[in-house]
Amino acid sequence: MDEPRTITESDLARIGEIVSEQSGQKWAMIPLLQRIQDEFGYIPPQSIPLMARKLRLFPSQVQGVISFYTQLYTEPRGKKVVRVCRGTACHVRGGKTVLKLVKQQLDIGEGETTPDLEYTLETVACIGVCALAPNIVVADHVHGHMNPKKVELLFKHREVGE
Amino acid sequence: MQPVTITLDGREVSGHPGMTILELARESGVDIPTLCHDAHLTPVGACRVCLVEDERNGALLASCVSPIVPGMVINTQSERVIERRRTVVELMLASHPDSCLVCDKGNRCELRQIASDLDIGLVRLQRIPQMSTIEEVNPFLERDLSKCILCARCIRACQDLVVEGAVDYFQRGFATIPATLGGTPLENSECTFCGTCAALCPTGALMEKQEPHRGTAQTVVETTCPFCGCGCSIRLEAKNGHVVRVTPGREGAVNEGTLCVRGSYGCDFIHSPERLLTPLIRNCGGFQEASWEEALDAVAAGFQRIRDEHGGNSLAVLGSSKCTNEENYLLQRLARSVLGTNSIDNGSRLYNSAGRIGLGSTLGFSGTTSHLSELEQSELILVIGADPGSSAPAVEYAIKRAIRQRGARLILVDPRQTKLSLFADLWLRPEVGTDVALVNGLAKVIVDEGLLDEEDVGRKTDNFAAFAEGLKEYTPERVEEITGVPGEQIRAAARMYAQASRAAVVYGTGITQHTRGTDSVRALANLLLLTGSIGRRGSGVYALQRENNAQGSCDMGALPAFLPGYQSVADASARARFGERWGASLPDERGLTALEMIEAASEGAIKGMYVVGENPVLSFPGSGRVREALGSLAFLVVQDMFLTETARLANVVLPAASFAEKDGTFTNFEGRVQKVQRAIAPPGESLPDWEIVLRLAERMGVPMDYSSPQQVLDEAVECCRLPAYSLYEGVDYADAEAKSLYQAETDNYHGVGRIHGGQFPEGFARFCPVEYVAPEKREEDYPFTLLTGTTPYQFGVGSRSSRSARLTKFCPHSSVEMCEADAAKIAVEEGEEVRVLSPAGETSAMVKITDTVSEGMLFMPVSSPQTPVHELFGIVLDAESKVPAMKSCSARIEKVSTE
C-alpha cells in the first residue's frame with residue numbers, strides 16, 4: 001500500500017496557493033481552514049506555518065483554533081465517516097452492541113481511521129431519527145433499524161476486497 | 001473628558017472614562033485579588049477571581065475587564081462576592097495537586113496566597129487528578145502543567161510582550177493546556193527562554209529548574225541588567241548572599257516586564273567558581289596571591305616608574321563600557337590627572353564610535369534620538385545591519401509589538417536571515433559591505449520621485465544641493481549591480497519608507513563595524529533628514545549599543561579626545577576647569593584610541609597599561625597580535641572579575657566586584673541613566689572598581705575626595721552639562737525613581753538630550769554626501785564571506801556569559817553556520833569540526849547547516865572563548881572613527897585531517 005498520509009511537495013504547493021488566495025485578515029482563518037479541509041479531508045500540520053504567516057498570527061495560535069473546533073482535523077480522515085448513534089433511544093435498542101460490531105468490522109476504535117483511509121469511526125449523541133433506532137450514518141446516509149446482519153452487510157465488501 | 005464617578009464599597013470615587021473597576025479600586029487603595037491580571041498584560045478576565053458585585057442589579061462583574069460606568073454601586077467585599085470568589089478558587093484547587101508543601105513556588109505562589117486570604121480550608125469538591133510533570137531538558141525552566149490554572153499569563157507574555165508566540169491554548173474544556181506547535185518540548189519550539197512567562201506565572205506551573213536558583217529569596221533589589229545596551233531593569237532576589245533568581249523589574253520603562261535569556265538566566269556568572277577572590281601578582285612566571293596593600297603598592301610603583309622615566313604618554317588606560325558611569329569618570333580622572341595621559345578609551349570603540357561620529361557630523365547629536373516606547377508608535381521601521389533579537393532583545397520586542405499590535409511595516413536590510421525576516425514586509429539582502437550604495441539608492445529614488453519632505457529639508461537642513469548631486473550615480477539599476485538587490489525592491493522600499501509619516505531607523509554593528517562604517521551611518525542620517533524623520537513622535541534613529549554602558553562610558557569622558565561631557569581636550573578653558581577641580585594640569589594632546597594603544601604597545605611607545613573590565617585579547621581583532629603587544633608591555637595591570645585571557649598576561653591582577661555587588665549608574669542606548677544597586681557583598685576580597693581606583697589614586701599620592709559613587713556622579717553632573725544625568729543631582733540613589741525622573745526630563749528638557757520638535761542642537765542638520773567604495777576584492781583562496789554576530793545565548797566575547805552555568809550548558813559549542821549547498825560542495829557534515837581560515841588567521845568550529853545564510857556566506861557568533869573568531873581579523877581601521885572592521889572577512893573552510 002502506498003502511503004496516503006504523507007503530504008507531497010505538490011500538495012504543499014497547492015496549500016500555498018489556497019493560502020495566497022485568501023485575505024490576510026485574521027477573520028479569514030476559519031474559511032481558510034475549511035477550504036483546506038474540504039480539499040484534503042483534513043488540515044495537514046505542515047500547512048499551519050503557511051497560514052500563520054499569511055494571517056500574521058503565530059503557528060501556535062492557528063493550532064489552538066484548530067484544536068478548539070471538533071470538526072477541524074489535523075489527521076487524515078477516511079473517505080466515509082461512520083457515525084454510530086449513542087443517543088438514548090439507540091442505546092435502549094442496542095446501540096452499544098452496534099458500535100462494538102462496527103469496531104470489529106472495521107478493526108478500529110472510536111475516533112480512529114482505517115489504514116487504507118476508507119473509514120473513520122465516530123459516535124454521535126443523537127441524529128434525530130430515533131424512530132429508526134438503532135442508527136448509524138455512513139457517509140451522510142442514515143441506516144436505521146441496525147442489527148448484526150445489517151452491520152455485516154454494510155461492510156461486507158471490505159472483507160472481499162482484502 | 002468628564003470623570004466617571006462610581007460608589008466603591010460605600011465611598012464615592014472618580015476615574016477617567018475607560019478605566020476598569022480594578023484599576024480604579026487599586027488607585028483608591030481597595031484591594032481586589034487577581035490571578036490572571038498583570039499590569040503589563042492585556043486583561044482577559046480568564047480567572048474570575050476579581051469578581052465584584054454591582055449592587056444596583058446584582059450583576060457579578062470581572063473587575064479587570066469591566067469599565068467603570070457612571071452611577072455604579074460596586075461592592076468588592078460583600079458576602080456574596082467573597083462566596084463566589086471562594087467557589088472560583090475552590091474549583092481551581094479541585095484540579096490542582098496537593099504538592100504545596102514541597103512546591104518550590106512556595107510562598108510566592110499567588111494561588112496559595114489567595115486561597116489562604118479567602119480562608120478556603122478544605123476543598124469540598126471532587127478532585128480531578130491531573131497528568132504529571134512534563135520534563136524538559138533545558139537548563140532554564142520546568143513546566144508542570146498539572147499546576148496550570150489556565151490564566152494565560154504565559155500565553156499573553158509570549159504573544160503580546162515578547163511576540164514569540166511559542167505557546168497558545170490547545171484543545172478545550174478540561175483538556176486545555178498551553179502548548180507549543182505540535183506539542184514539542186520548549187527547546188524544539190520558538191521559545192527563546194526569555195523567562196518572561198516564568199516570572200509571570202502565578203503558580204508552580206513554570207519555575208526555575210536548577211537547584212541553586214530555587215527557594216524563597218530574603219531580599220529583592222531592583223537594578224539594571226549588565227549585558228546588552230537595552231538597560232532592562234531587573235530584580236535580583238537574594239538568599240544568604242547568593243542571587244537565586246533574576247526577574248524583570250517592576251518599574252522598568254525599557255523592558256516593560258520582559259527580559260531575555262541572558263538577563264533571566266545569564267547573571268549566574270556572579271557565582272562562578274572562577275571569580276577572582278584576591279589580588280594576584282606575577283612572580284617568576286606564575287601568579288601569587290597578594291594582599292591589597294602589596295598589589296596596590298606594586299601597581300602604584302609600576303605606573304610611577306614608567307611615568308617618571310618615559311612620561312605620562314607612555315601609559316594608557318582602557319576603561320570599560322561594562323563598568324558604571326562613576327567608575328569611568330574616576331578612571332579618566334586617574335588617567336588624566338594622576339597618570340598624565342589622554343590615552344584612555346573604552347571597549348565601545350569597537351562598535352560605537354562610527355555611529356557617534358557619523359551622527360554627530362550630520363545631526364549634530366551623536367546618539368539615539370528618541371525613546372524605545374516611541375519606536376512602538378512608528379508606522380514604518382527600517383532595521384539595517386542589526387539582529388536585535390540577539391543583540392538587543394528589548395528593542396526586538398518593541399519592533400515586533402509595533403508590527404503585530406499597531407500594524408507598523410518593517411523593511412529589513414540584512415544579508416542573513418534573522419527572526420525579524422518573518423515579520424518583514426520587505427526583506428532586502430544586499431551583498432556584505434554595500435550598505436552605503438543601498439542607502440544612497442533609496443535616497444536617490446526618494447529625491448527623483450519627489451517623495452522628500454521639502455519643507456523640513458529646506459527649513460532645517462543645509463547642503464542638500466551637494467547631497468542630491470552626489471546621489472546622481474545611484475540609480476536603482478546601478479545599485480542593483482553593486483548590492484544584488486533587485487531595482488524594483490529598492491524602489492518599493494524607498495516608496496514605502498518615504499510615504500510613512502512616522503519612520504524610524506534601527507541600526508547596529510552590521511553597519512558600524514565595517515571599514516566604511518562612519519559613511520554608512522552618514523548615509524542613514526541623510527535618509528532620515530530627507531523625509532524629516534527626526535524629531536517627530538514615532539520616528540528617529542535608534543543606534544543599538546552592544547554593551548550596557550557604552551553610552552555612559554563615553555559620556556563620562558573615557559575617550560582619548562574628550563573630557564567628560566564631550567568637552568574637547570584641546571579646549572583650554574575646559575581643561576582648566578577640570579584641572580582646577582582636580583588640582584592638576586591636564587594633558588592637552590589627544591590620546592590614543594583603543595586599537596592605536598595596541599599598535600603603540602607593540603612599537604614600544606606605550607609601556608604600561610591599565611585595563612579595566614575589558615578583554616582585548618579576545619574582543620579586539622587580531623587576537624595573536626594583541627596578545628603579543630600586551631605581553632611586550634613593561635607593566636600591565638588588569639582589573640576584572642575573572643582571570644581572562646588578557647588578565648593572564650598581566651603583572652598585577654586586581655579582583656573586581658560584579659554589577660550585583662556595587663552601586664552606581666548605567667546609561668543605556670537611549671541615553672537613559674539608570675541605577676545599579678548592590679544586592680550582595682563582593683566575594684572574597686574583591687572590591688567594586690570605583691573603590692579600587694580610589695585606593696590606587698591614594699596609593700599614588702593623589703587622593704581623590706569622594707566617599708561614594710553618588711559624590712562622583714554629582715561632580716560629573718556639575719561639570720558635564722549632560723541633561724540626562726542632571727536628574728540624579730543631589731538625589732540619594734535609594735530614593736531616585738529612575739522612571740519618574742526620566743519622564744520629568746522628557747517633559748521639560750529641549751535640546752541636547754533628545755531631538756524633540758525637530759530642534760537640532762545646532763539649529764539645523766547637515767547633509768553629508770557619501771560615496772560607496774567597493775570593499776577589497778576577495779582573495780581567490782578564500783571563497784566565502786564570513787559574517788560575525790551575536791547569539792542570544794552568549795554575550796560579547798563570553799568573558800561573563802561563558803561562565804554562566806546555564807547558558808553554557810544550553811549552548812556549549814561555537815559553530816560556523818553555512819547553507820546546505822555549500823556544505824555539500826566542500827563535503828562537510830553537520831557537527832563536524834572544521835578549520836576556518838582567513839588571510840589574517842585561523843580558528844576552528846563545528847559546522848552547523850542552516851538556511852539563514854545564503855550561498856557563499858558563513859556566519860560565526862563571536863562569543864566563545866574556545867573559538868576566538870577575532871583571530872580571523874587583521875587590524876583594519878575605519879579612517880575616521882578608528883573602528884576596526886570586524887563584521888566580515890573572506891574565509892575558507894578546511895577539513896580537520898583525521899590522521
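This talk goes through a predicted model with chains A and B, starting with chain A and its contact and ending with one glycine of chain B.

Let me begin with chain A. The domain assignment splits chain A into domain 1, residues 9-68, and domain 2, residues 80-161. Taken over C-alpha atoms, the centres of domain 1 and domain 2 of chain A are 31 Å apart.

Now the sheet in chain A. It is an open sheet of 4 strands, in the order β2-β1-β3-β4, and the pairing is mixed. Which strands stand at the edges? They are β2 (119-124) and β4 (141-143) of chain A; each has a single partner strand, so one side of each has no neighbour in the sheet. From one strand to the next, the twist averages 20°. Helix α6 of chain A, residues 95-106, packs on this sheet and touches β1, β2 and β3 of chain A. The direction of α6 makes about 155° with that of β1(A). Within the sheet, β1 (residues 80-85) and β3 (residues 136-138) of chain A are antiparallel and share 3 bridges. If you want a pair to look at, V84(A) is opposite I136(A) in β3(A).

Next, the contact between the chains. Chain A puts in 12 residues and chain B 14 residues. On the side of chain A that touches chain B, α3 (47-55) and α4 (59-68) each supply at least two residues. The largest share, 7 residues, is from α4(A). By type, that side of chain A has 5 nonpolar, 5 polar and 2 charged residues.

Moving to chain B, there are two hairpins to show. In the hairpin of β3(B) and β4(B), 4 residues lie between the strands, and G58(B) in the turn has a positive phi of about 75°. β3 (residues 51-54) and β4 (residues 59-62) of chain B pair antiparallel over 4 bridges, and D54(B) has A59(B) as its bridge partner. β3(B) also pairs antiparallel with β5(B), residues 73-75, through 2 bridges; there, E53(B) is opposite N75(B).

The other hairpin is made by β7(B) and β8(B), with 6 residues between them. Here the turn residue with a positive phi, about 65°, is Q171(B). Strands β7 (residues 167-170) and β8 (residues 177-180) of chain B run antiparallel and are joined by 4 bridges. F170(B) is opposite I177(B) in β8(B).

On to the nonpolar cores. As background, nonpolar side chains tend to be buried together in soluble globular proteins. The largest nonpolar core in this model has 167 residues, and those touching the most other members are I381(B), V383(B), I399(B), L442(B), V506(B) and L524(B). Helix α13 of chain B, residues 435-448, gives the largest share of this core, 9 residues. Which residues does L442(B) touch, leaving out those up to four places away in sequence? They are I490(B), A493(B), A494(B), Y497(B) and L527(B). Another core, of 108 residues, lies apart from the largest one; its members include L636(B), A845(B), L858(B) and L872(B).

Last, the glycine. G604(B) is in the loop between α22 (594-603) and β25 (608-612) of chain B. Why does G604(B) count as partly exposed? Because it has 13 C-beta neighbours inside 10 Å, while the exposed class stops at 12 and the buried class starts at 20. G604(B) and R429(B) are 175 residues apart along the chain, and 44 Å separate their C-alpha atoms.

Terms used
Residues numbered from 1 in each chain as written. Chains lettered and ligands numbered in written order. Predicted model: local features only at pLDDT ≥ 70, side-chain atom pairs only at ≥ 80, totals over all residues. Pairing = 2+ DSSP bridges. Domains from an automatic or database assignment. Contact = placed C-beta atoms within 7 Å. Nonpolar A, V, L, I, M, F, W, Y, C, P; charged D, E, K, R; others polar. Core = buried A, V, L, I, M, F, W, Y, C linked by C-beta atoms within 7 Å. Axes fitted to C-alpha atoms, helices over the stretch in contact; angles between N-to-C directions.
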